[in-house]
Each structure stands twice: as structure tokens, then as C-alpha cells.
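Here is a note for a colleague who is opening this structure for the first time. Please read the points with the view beside you.

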Number of protein chains: 2
Amino acid sequence: MDTREKILSAAVRAFAEKGFNGVSVDEIAKRAGVKKALIYYYFPSKDELFREVWEKSLDELENHLFSEIEGEGSYMKKIKGFLKAYIDFVTNRKVISEVINKERASVMSEDKWSNLKERYEGFLGRIAQLIDEGKRYNAVYDDIDPLAAANLISGSFGHSEKPGVLEKMISLIMRGILKK
Amino acid sequence: MDTREKILSAAVRAFAEKGFNGVSVDEIAKRAGVKKALIYYYFPSKDELFREVWEKSLDELENHLFSEIEGEGSYMKKIKGFLKAYIDFVTNRKVISEVINKERASVMSEDKWSNLKERYEGFLGRIAQLIDEGKRYNAVYDDIDPLAAANLISGSFGHSEKPGVLEKMISLIMRGILKK
DNA sequence: TAAGATTTACCAACCGGTAAGTAAAACACG
DNA sequence: CGTGTTTTACTTACCGGTTGGTAAATCTTA
């Protein structure tokens, strides 16, 4: 792992724990075992560092969720596989899940993150599209609002503490949207 | 409105917009039209000020949700009324909704807010209890996990931007938990 | 004039960011 | 190959501004 990656890795852990404003550049530097000025050698600002952390995190999540359901199968199976992959990600990639969850409200409301907001809305849109296709293939109740379902799914992020609860939240969502 | 209340009112607005670490005590003072030192006359620290803001916000939310459904009526009606009150609160008390949503992840994970975490878990517990009673009175599917449902409902907080989406999220939850 | 309310002035620590320098690796070329 | 030159990776030391917090002085009003 080269230096740039070490900094990114320390940054995502720090941001996940304490949030963007709760962490100083110097603390990230210490976690990465480098001097603060070196961070400014690789990244133009704290904002840009966070931007890259957030984008990489969302890339990983989106890739994990959509790559596994690319194969054949009914839309019922696709959506179930998607939700299963979702549980798997929240369980096994906790740091990335936490950074997305912790900073989501700020990213979605503060002007300076407007491009990250668009990125996240694109992610929601892809989930909504999956649900919508499920409707056309008779797997999803046809009075379901796809974007509402997408928001509900992605909102389950935060509550991954007590084991088992997330699974039950997802199965509740499944009953709400999937036929039979 | 006395000075203390003016400070609290400015604080909840500031915390809702920028989060705990994104706002300085001096900015809260300026919004309240007082000098910073006066905040320390009424509150021992920024942490304690936030603590009171959070507790008051949760008190208002909990009171709004549970006071309206105290009357008679079936549990089906109670739970529907509860979810309707929820939509009403998120729509009409945006500042309070936002402060709860924006700082929830930090409150639930950082040690220094452990008492606020317990407070929030008590709130979730009350929702779960309502769902559980709904099960015993045949209004809720009996394989529903009450705490999972409570988490799902309270997680819908963040996504109140586009009007109408929240309502559709809630009706999706209703289909997931309520019989018929 | 006593007690509570508010302001002024201040502090040490920390913040994001920068300038200047250094050692070593990579490169250019006779 | 050897040697001068440029580039890369990284450190030290610093800057102006902001932070949460405090002590003491001043104002207000009963």
C-alpha cells in the first residue's frame, strides 16, 4: 500500500468515527503515520480529501450491490440478491458503511458538497430503477413508488449495531414491496 | 421569550444546519443576538448546550407522536395515527427533525453522548412497544420484529426533501407491518 | 445597594494551509 | 559508464485566524 492509499485509509476510518468536522488533518496524518504537510502534497485540501473518500466509498458500495446481481434470474431473485448483498456490505464493510451514514445528512444539505449529493442521488436512482424494473416484471407491487423504496433501503444504513435487526428491517421492506 | 430560550432556539437552528462540530459557540451567540460569554453564563459548556437541545428535541418529537394517539380506538388506528403524526412532525417541525437526523449517527456512536444514546433507545423502545401491542391486538403481522420496525420508521427521518416521498415511504412501511 | 444579567477583554490550544528546505531517486547525455 | 540536473517524496517550521472557555468589569433593576 503506497503513501496516498495509506492516507486515504486513515481518512476513511477517521471520518467514519468522528465525522468531517470532528477530525483534524493532523489527526489523519498521525493515524497514517505521516506528517500533515504530506497530506497537502497528495491532496489539495481537506475538502478534496473527503470528496475522494466519499466517492470511493460510494463506488465500492454501488459496485458491491450491483455487480453480484448482473447475472440471469428473475427480478424477484435480483431484488432479493440485492438486499442480501446490502446486508452483507453493512456487516462486513463497517467503516465504509459508517462514513456514508454519518456524513450523509451533511452531504445532502450543504452547498459545498452539491456534486457529492448528485452522486448519491444517482446511486438512489439506480436502486429506484431496479425496483421499477421489478414492477414491470411483476415482482413488485405496482403501486410502489420506486424512489421511496430506494430511500427506505438506503436509510437502513445507520442501524447496524444490534446483530439481526438489520436483517429483520430488510425482510420487512421485502414484504412491503415484493409480491408473495 | 427569555434569553435562555433565545440561545436554545438559535442553537437548535445552527446545529440543524451545520451539525455540532460545524458550528462555533460564537456563531450561536451571534444568531441569538448575545455575546458568547453569556452562553457560558447559562450553559456550562458547548457539550451541555447540545445535550439540552437534543433532549428537548426528542421530548417534542416523542410528545407529538404519542400524545395524539392516547385516546381510544383500535391499534390499527393508533399505529396509523402514529405514522400520520410522524409525517406531520417531519413536515412542520423541520428544524427539530433535522437536528435529530443530522446528529443521530454521532450521538449513537460517540462515547461522550452515551446518555443521549440511551435516551434515543428509549424512544425507539416506545415505538417498538406500540408495534408489539399492535401484534397482540391482531393489527400487526405476528412475525414482525418490533425493534426492526421502530428503526425503519425512525430511519425515514432524513429523506424529507422531495415532497410526497416521505408519505410513500410510510405507506410502504404500513404495508410491511399492518394487516390488510 | 445588593444580586442577577450582560459585556469586554483576554487566553492557550488548535485549526487548515503554506514556504522553504532536504535526501534520494530518476533522468539526460557525453 | 559517470556525472550533472531535474523530479519525487517527505519534513520542519511557521502563519493568521478560530476555537472553547474564563475572569473581571459594567450594566440593570428591584
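1. One term first. A salt bridge here is a side-chain nitrogen of Lys or Arg within 4 Å of a carboxyl oxygen of Asp or Glu. With that in hand, look at Lys168(A) and Asp145(B). Their side chains form a salt bridge, with N and O 3.9 Å apart. The pair counts because 3.9 Å is within 4 Å. Between chain A and chain B there are four salt bridges. Keep in mind that this is a predicted model.

2. Now take in the whole interface between the chains. Chain A brings 36 residues to the contact and chain B brings 35 residues. Together the two chains bury about 2900 Å². Carbon and sulfur atoms carry 62% of that area. On the chain A side, Leu152(A), Leu172(A) and Arg175(A) lose the most area to chain B. These three make up 24% of what that side buries.

3. Polar links also cross between the chains. Six residue pairs are in polar contact across the interface of chain A and chain B, both residues at pLDDT 80 or more. Which helices of chain A each supply at least two residues of the side that touches chain B? They are α1 (3–18), α6 (94–109), α8 (146–155) and α9 (165–177). α9(A) gives the most, with eight residues. By class, this side of chain A has 13 nonpolar, eleven polar and twelve charged residues.

4. Next, look inside chain A. The domain assignment gives domain 1 (1–43) and domain 2 (54–177). Nine residues from domain 1 of chain A and nine residues from domain 2 of chain A make the contact. The centres of the two domains, taken over C-alpha atoms, are 28 Å apart. About 700 Å² is buried between domain 1 and domain 2 of chain A, and carbon and sulfur atoms give 69% of it.

5. Which three residues of domain 1 of chain A supply more of the area buried against domain 2 than any other three? They are Val12(A), Ala16(A) and Phe20(A), with 61% of what domain 1 buries there. The side of domain 1 that touches domain 2 divides into five nonpolar, one polar and three charged residues. How many salt bridges join domain 1 and domain 2 of chain A? The count is zero. Polar contact does occur: three residue pairs between these domains, both residues at pLDDT 80 or more.

6. Turn to DNA strand C. It is surrounded by 14 residues. The closest are Lys36(A), Tyr40(A), Lys46(A), Tyr41(B) and Tyr42(B). Both chains therefore appear in this list, with α3 (36–42) of chain A and α3 (36–42) of chain B each supplying at least two residues of the surface near the strand. α3(B) gives the most, with four residues. The surface near DNA strand C has eight nonpolar, three polar and three charged residues.

7. Consider which atoms of DNA strand C meet the protein. Within 4 Å of the protein, 58% of its atoms belong to sugar or phosphate, and the rest to bases. Three approaches to phosphate oxygens are worth a look. A polar side-chain atom of Tyr41(B) lies 2.8 Å from one. A backbone N or O atom of Val25(A) lies 2.9 Å from a phosphate oxygen. For Thr3(B), a polar side-chain atom lies 3.2 Å from a phosphate oxygen.

8. DNA strand D comes next. It has 14 residues around it, and the closest are Tyr42(A), Val25(B), Lys36(B), Tyr40(B) and Lys46(B). Sugar and phosphate account for 55% of the strand D atoms within 4 Å of the protein. α3 of chain A and α3 of chain B each supply at least two residues of the surface near this strand. The largest share, four residues, comes from α3(A). That surface has eight nonpolar, three polar and three charged residues.

9. Last, the phosphate oxygens of DNA strand D. An N or O atom in the side chain of Thr3(A) is 3.0 Å from one. For Tyr41(A), a side-chain N or O atom is 3.2 Å from a phosphate oxygen. Lys35(A) uses its backbone: a polar atom there is 3.4 Å from a phosphate oxygen.

Terms used: Residues numbered from 1 in each chain as written. Chains lettered and ligands numbered in written order. Predicted model: local features only at pLDDT ≥ 70, side-chain atom pairs only at ≥ 80, totals over all residues. Heavy atoms only, no water. Domains from an automatic or database assignment. Contact = heavy atoms within 4.5 Å. Buried area = accessible area lost by both parts, 1.4 Å probe. Polar contact = N/O pair within 3.5 Å; in protein donor to acceptor, adjacent residues only side chain to side chain. Nonpolar A, V, L, I, M, F, W, Y, C, P; charged D, E, K, R; others polar. Near = heavy atom within 4 Å.
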